[in-house]
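User: Could you take me through this model and show me the reasoning behind the words you use for it?

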Amino acid sequence: MPELPDVECLRRYVDATSLHQTIDAVAVDAPRMLKDTSAEKLRATLEGKTFRGTARHGKHLLIDVADGPWLMLHFGMTGRLDYARQEGEPPRHTRLEIRFAEGYRLVGIWQRRLGEIAIVTDPASFIEARGLGPDALDLGLDAFEQLFAGRRGTIKSALMDQRFIAGLGNVYSDEILFRARIDAARQARDLTDADLAELHRALLHVLRLAIERQADPERLPDSWLLPHRSTSAHCPRCGTRIEKVETAGRAGYRCPNCQA
DNA sequence: AGTACCACCTGACGGC
DNA sequence: TGCCGTCAGGTGGTAC
């Protein structure tokens, strides 16, 4: 699930639970998820240190190691975190376990091993090296419009391109387009200033509200597309049957009546 | 430059 | 019950 709102919630979770405790053990059970590092290097980097803060850019969570580099986590399609006392077995699919001296542990759980664990120097150099676009929540309307000048391809592929804007995936890009009443298949270059303004408003509204509701699908308004992502569902605005549209092998959903 | 497709992983679900 | 294809909210590489 992890798109920007989910990762922002995970960031706040780490802030609320895992700062300022001495790390006394680190275990990794997914060598392929380690990017440019090794389990050994990760242990050497973290053990004996503390986390002192967090940052997020798009779907990437960055954790500041006091007197050290940053730990970067990417959650792929199924990643999440869990903080609890060290007792019993960690949850199924735990791939990363960080034990704190005070008796608690923070674990990373990835059912599928699609995700990433890395050590990076700092957020700015990481963003630069990855070529990530600006974080979706950092874009003012002017910057948003600037970004679209000369952009080719469909609006949906632009929204989902992490080098263009960081943070949106399949579900939230559909949600934003639904709110703005814009068809995902439209060419980005054909959007008018009014379309872009509407899209920008929808983007901020959807992301902010999703974060406020802890990115929990159960708590999102029924007026959103998200609870109706199925071809047996109907548009919460006009009742038209929701349509499934394949784009680049991904299943998108839209209301064929509302979105033009 | 954009798009299509495959690969990377694992599990759930529906059809036969 | 069991096997099999399909699908799931991500990303990167490659081939047009």
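Analyst: Happy to; each answer below sets a value beside the rule that decides it. Please keep in mind that this is a predicted model.

User: Let's begin with the fold. What makes chain A as compact as a globular protein of its length?

Analyst: Chain A has seven helices and eleven strands. Its radius of gyration is 20 Å, and the globule rule gives 18 Å for 260 residues; the two values are close, so chain A is as compact as a globular protein of that length. Along the principal axes, its C-alpha atoms fill a box of roughly 55 × 35 × 30 Å.

User: Why is C9 called buried?

Analyst: Buried means under 20% relative accessible area. C9 has 18%, so the label applies. Across chain A, 49% of the 260 residues count as buried.

User: And C235, why is that one called buried?

Analyst: The relative accessible area of C235 is 4%. The cut-off is under 20%, so C235 counts as buried too.

User: How do you know that C235 and C255 are not bonded through their sulfurs?

Analyst: A disulfide needs two cysteine sulfur atoms within 2.5 Å. The closest cysteine sulfur to that of C235 belongs to C255, at 3.7 Å, which is too far for a bond. By this rule the count comes to zero disulfides.

User: How are the charges balanced, in numbers and in place?

Analyst: Chain A carries 37 positive and 37 negative side chains, and the centres of the two sets lie 4 Å apart.

Technical notes:
Residues are numbered from 1 along each chain as its sequence is written. Chains are lettered from A and ligands numbered from 1 in the order in which they are written. This is a predicted model: local features need pLDDT of at least 70, side-chain atom pairs count only at pLDDT 80 or more; totals for chains, interfaces and linings use all residues. Side-chain values use heavy atoms; hydrogens and water are left out. Helices (H or I, at least four residues) and strands (E, at least two) are DSSP runs, numbered from the N terminus. The radius of gyration is taken over C-alpha atoms; the globule rule is 2.2 Å times the number of residues to the power 0.38. Buried means under 20% relative accessible area, exposed over 50%, partly exposed in between (1.4 Å probe, protein chains only). Lys and Arg count as positive and Asp and Glu as negative; His and the chain ends are not counted. The place of a charge is taken as NZ of Lys, CZ of Arg, CG of Asp or CD of Glu.
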